[in-house]
Amino acid sequence: MSCVSALYSFDIGRKPAMRAAQEEQAMGETTHIPVLVSAILEAFRRTDGRTFLDCTLGGGGHSRAILETFPNAKLWAMDADAAAIERARISLPADRAHIYHGNFVTLDKLPQRNFDGILLDLGVSSDQLENGERGFSFRLDGPMDMRMDRSCGRTAEEFLETESRSELIEAIRNYGEEPLWKKIVDAIEAARGTGKLSRTGSFAELVRRVLPTSYRTKIDPATRAFQGIRIAVNGELNALKEALPKAFAALEVGGVLAVISFHSLEDRIVKQYFREWSGLPVDQFDSRTADERVARGQLLVDKPIVPDVEEILRNPRSRSAKLRLFRKGEEEFLGGGD
Ligand SMILES: C[S@@+](CC[C@H](N)C(=O)[O-])C[C@H]1O[C@@H](n2cnc3c(N)ncnc32)[C@H](O)[C@@H]1O
């Protein structure tokens, strides 16, 4: 089944995967610490504050903070991961939170069509990373799965075993930004059919073995390859490109869209959309004159907001987070040439 076609209300339809996730996860408490919470709440306070959409529910930290800060607001929340949905079902108030299992590209299928605040907090949660069975971590041995939604799509193992060389290059070189991508792609192709691509432990070892020892810097040599494969397996950049215009369309006038990214490729996509909607040149190659650009809102911050030292010390995973904020306004033709 396609990973982006279905959207399941918690109350209406339940996929079999959801039951499996329920049994296997035993619903421990989330270990995920939400990032840049006060900056997001401050931006959302500039809206009417009645309806919010959390597109990436995860451990529910941002959703809970929104419900606490806006006691009269209603929240719609979604996640591709059934385990996140199950956990949130227990911890969020059923009378104020409407929870959906699905990819955020389906946000336009939600019964609520307009929101004062929309949040996308991209990437994976600590709950996913710290569960070896999910296959996201090279530190924990487990199946090479890496799917956020385990009810559909290909696992990372299937991707590595069957994908074309050009797709492998796209994942490791472009999404993983791995300078020594060729050595890794060659090793993947040579390891097909041997079983070495089936476990995170054996795959991480294979990557470490083909990279020179001088390459072992502060980060594990397998870091970039894992990141690139995860982005490819989940179609993360395409999902973001597809979802952002839908999020814009779903914003009330005066509503705020907040996006946290952890990767320069994601951040570039967010930046370009936000500049386009603000009537600014998208990048240095944008040759349109001001007459041709239309502002449909404004950037709330020129540069992305990043965590301060205290937040990074408290939550080291926040260190690469970048928050961009956009506020929707009435359409305004800029006019007047450049
Ligand atoms: C960084 S975590 C969010 C953490 C959350 N804000 C919190 O406070 O706990 C990212 C979450 O987004 C989900 N996710 C990533 N891409 C998604 C997509 N395309 N559609 C729906 N959920 C997605 C992941 O499954 C993960 O649970």
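The following legends describe views of a predicted model of a protein with a bound ligand.

**Figure 1. Overall fold of the predicted model.** The protein contains 13 helices and 8 strands. Its radius of gyration is 21 Å, close to the 20 Å that the globule rule gives for 338 residues, so the protein is as compact as a globular protein of that length. Along the principal axes, the C-alpha atoms occupy a box of roughly 60 × 50 × 40 Å. Of the 338 residues, 43% are buried. Among contacts with a separation of 6 or more, 70% join residues 24 or more positions apart.

**Figure 2. The largest nonpolar core.** This core comprises 56 residues, of which Cys55, Ile118, Ala243 and Ala258 touch the most other members. Strand 6 (residues 251–261) makes the greatest contribution to the core, giving 6 residues. In soluble globular proteins, nonpolar side chains tend to be buried together.

**Figure 3. Surroundings of Ala243 and a separate core.** When residues up to four places away in sequence are not counted, Ala243 touches Cys55, Phe104, Val105 and Leu107. Apart from the largest core lies another core, of 26 residues. Its members include Met144, Leu160, Val207 and Ile231.

**Figure 4. The shell around the ligand.** The ligand is surrounded by 21 residues, and Pro34, Thr56, Gly58, Gly59 and Gly61 are the closest. Helix 3 (61–69) and strand 3 (74–79) each supply at least two residues of this shell. By character, the shell consists of 10 polar, 8 nonpolar and 3 charged residues.

Notes:
Residues are numbered from 1 along each chain as its sequence is written. This is a predicted model: local features need pLDDT of at least 70, side-chain atom pairs count only at pLDDT 80 or more; totals for chains, interfaces and linings use all residues. A nonpolar core is a set of buried Ala, Val, Leu, Ile, Met, Phe, Trp, Tyr and Cys residues joined through C-beta atoms within 7 Å. A residue is buried if 20 or more other C-beta atoms lie within 10 Å of its own, exposed if 12 or fewer, and partly exposed in between; C-beta atoms are placed from the backbone. Helices (H or I, at least four residues) and strands (E, at least two) are DSSP runs, numbered from the N terminus. Two residues are in contact if their C-beta atoms, placed from the backbone, lie within 7 Å. The radius of gyration is taken over C-alpha atoms; the globule rule is 2.2 Å times the number of residues to the power 0.38. A residue is near a molecule or strand if its C-beta atom, placed from the backbone, lies within 6 Å of it. Ala, Val, Leu, Ile, Met, Phe, Trp, Tyr, Cys and Pro count as nonpolar, Asp, Glu, Lys and Arg as charged, and the others, Gly among them, as polar.
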